[in-house]
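Subject: Structure handover

Hello,

Here is the structure I said I would pass on. Please open it and keep it in view while you read the notes below.

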Amino acid sequence: MIRHVGILGGGGISETHARAAAAVPDLRVVAVCGRDAARVSALAATHDAAPFTDVQAFLRHRPMDIVAIGTPSGVHADDVEAAAAQGLHVLCEKPLDVSTARIDRMLEAVERAGVTLGVFFQDRSTPDLMDVKDALVSGRLGRPILADARVKWYRPPEYYAQSLWRGTWALDGGGALMNQGVHTVDLLLWLLGDVRRVYARTLAALHEIEVEDTAVAVLEFANGAVATLEATTAAWPGYDRRVSITGTLGTVVIEQARVAKWDVREPALEGAAGGAASVDPAPVGAAARTHVVADASAHRRVFEDFVSALDSRRPPRVDGREGRRSVALIEAIYASSRSGQPVDVTPSRSGA
């Protein structure tokens with residue numbers, strides 16, 4: 001069954017969405033909408049699609065079954081609601097929106113319309129990271145104890161100065177954490193479960209922006225594990241994302257979206273004289289630095305899962321409820337930074 005996709009946003013991430021959708025055999029890019037008419041026309045021409053600068057006209061275009069949203073974060077809820085009102089399924093960029101209040105409104109809208117909502121958290125579709133998830137679920141790493149996550153990137157001053165929405169509370173919802181770090185926040189939640197309490201400090205250390213360019217947090221998970229989280233856009237020249245997770249049976253190190261190191265003790269040897277054996281079943285070299293250009297193949301896997309979800313009438317791998325979790329945690333981190341005190345994280349709610 002061929003499904004038809006509209007691209008809403010017209011910026012760099014929308015180009016990635018269009019390439020990813022076009023790579024899926026059962027999808028056709030049929031329309032592109034954005035504010036920059038020249039850029040929209042160029043992207044639409046690449047995919048033999050119809051160009052639009054008016055959102056309502058775009059949403060009425062047919063045939064169209066799915067809308068991929070890559071607009072500024074602070075208007076995601078508005079765009080999702082508008083698409084849902086037209087009976088269109090939606091794949092939305094991260095973060096789902098800039099507050100849980102707006103996300104809850106969005107979830108009610110898609111439920112009311114009976115459409116499916118998914119989120120571009122492509123880490124959950126990456127083979128290496130799916131292997132790590134399986135190792136944690138199966139107990140190969142033992143009981144989780146400790147994690148650390150570092151997103152130490154660099155953005156030059158013009159990255160913020162030349163944008164009307166980046167670095168603002170209203171449209172970006174935050175800075176290094178809400179924009180660049182949100183994928184890693186989602187990864188920690190997916191791998192280790194809910195966080196029950198956070199203690200954090202955020203600041204604008206380098207850039208003249210409303211929001212933070214640097215954040216540090218201590219996370220206490222419901223399963224008893226603890227973690228540190230660092231996110232910044234002030235670390236020149238920029239470094240690969242790195243996440244390590246230690247359990248009672250070993251440690252896995254992730255660089256970008258690849259397993260760089262995997263040391264797991266054989267359970268049968270645990271406690272043996274001389275210590276347990278250390279194995280490295282699938283060592284992988286550090287991934288190339290891809291944090292500036294989005295990976296279309298990773299987004300393609302999100303589209304493939306979304307189409308499969310529609311065909312089988314199941315939720316997508318990351319639905320609206322799952323997409324809400326990272327924003328709830330980031331809200332708690334910001335609240336802790338403002339108060340200087342630990343903050344409890346509101347439990348997840350059900351949703352689309």
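A residue is called buried when its relative accessible area is under 20%, exposed when that area is over 50%, and partly exposed in between. The model is a predicted one, and the notes below deal with its salt bridges and one surface patch.

R321 is a good place to begin. R321 has a relative accessible area of 30%, so it counts as partly exposed. Its salt-bridge partner is E322, with 2.9 Å between the closest N and O atoms. E322 has a relative accessible area of 10%, which is under 20% and therefore buried. This pair does not stand alone: salt bridges with shared partners join R321 and E322 with R124, D186, D194 and R325 in one network.

In total, the model has 20 salt bridges. Two others are described here.

One of them is between R324 and D104, where the closest N and O atoms are 2.7 Å apart. Which parts of the chain does this pair link? R324 is in helix α12 (residues 320-339) and D104 is in helix α5 (residues 100-113), so the bridge connects distant parts of the chain, with the two positions 220 residues apart in numbering terms. R324 is buried because its relative accessibility is 9%. D104 is buried as well, at 19%, a value still under the 20% cut-off.

The other is between R317 and D305, with an N to O distance of 3.9 Å. A salt bridge requires these atoms to be within 4 Å, so this pair counts. R317 sits in the loop between α11 (296-312) and α12, while D305 belongs to helix α11; the two are 12 residues apart. Are the two residues buried or partly exposed? R317 is partly exposed, with 34% relative accessibility, whereas D305 is buried, with a relative accessible area of 8%.

Last, the surface. I145, L146 and V226 make up a nonpolar patch there, and together they have about 220 Å² of accessible area. V226 is in strand β10, which covers residues 226-232. The relative accessible area of V226 is 36%, so this residue is partly exposed. Patch residues need over 30% relative accessible area, and V226 therefore passes that cut-off.

When you go through the model, you could start with R321 and E322, then look at R324 with D104, and finish at the patch that includes V226.

Regards

Notes:
Residues numbered from 1 in each chain as written. Predicted model: local features only at pLDDT ≥ 70, side-chain atom pairs only at ≥ 80, totals over all residues. Heavy atoms only, no water. Salt bridge = Lys/Arg side-chain N within 4 Å of Asp/Glu carboxyl O. Helix = DSSP H or I, 4+ residues; strand = E, 2+ residues; numbered from the N terminus. Buried < 20%, exposed > 50% of the residue type's maximum accessible area, 1.4 Å probe, protein only. Patch = residues over 30% accessible without salt bridge, like charges linked within 9 Å, V, L, I, M, F, W, Y side chains within 5 Å. Areas by Shrake-Rupley, 256 points an atom, 1.4 Å probe, with all protein chains shown as cover.
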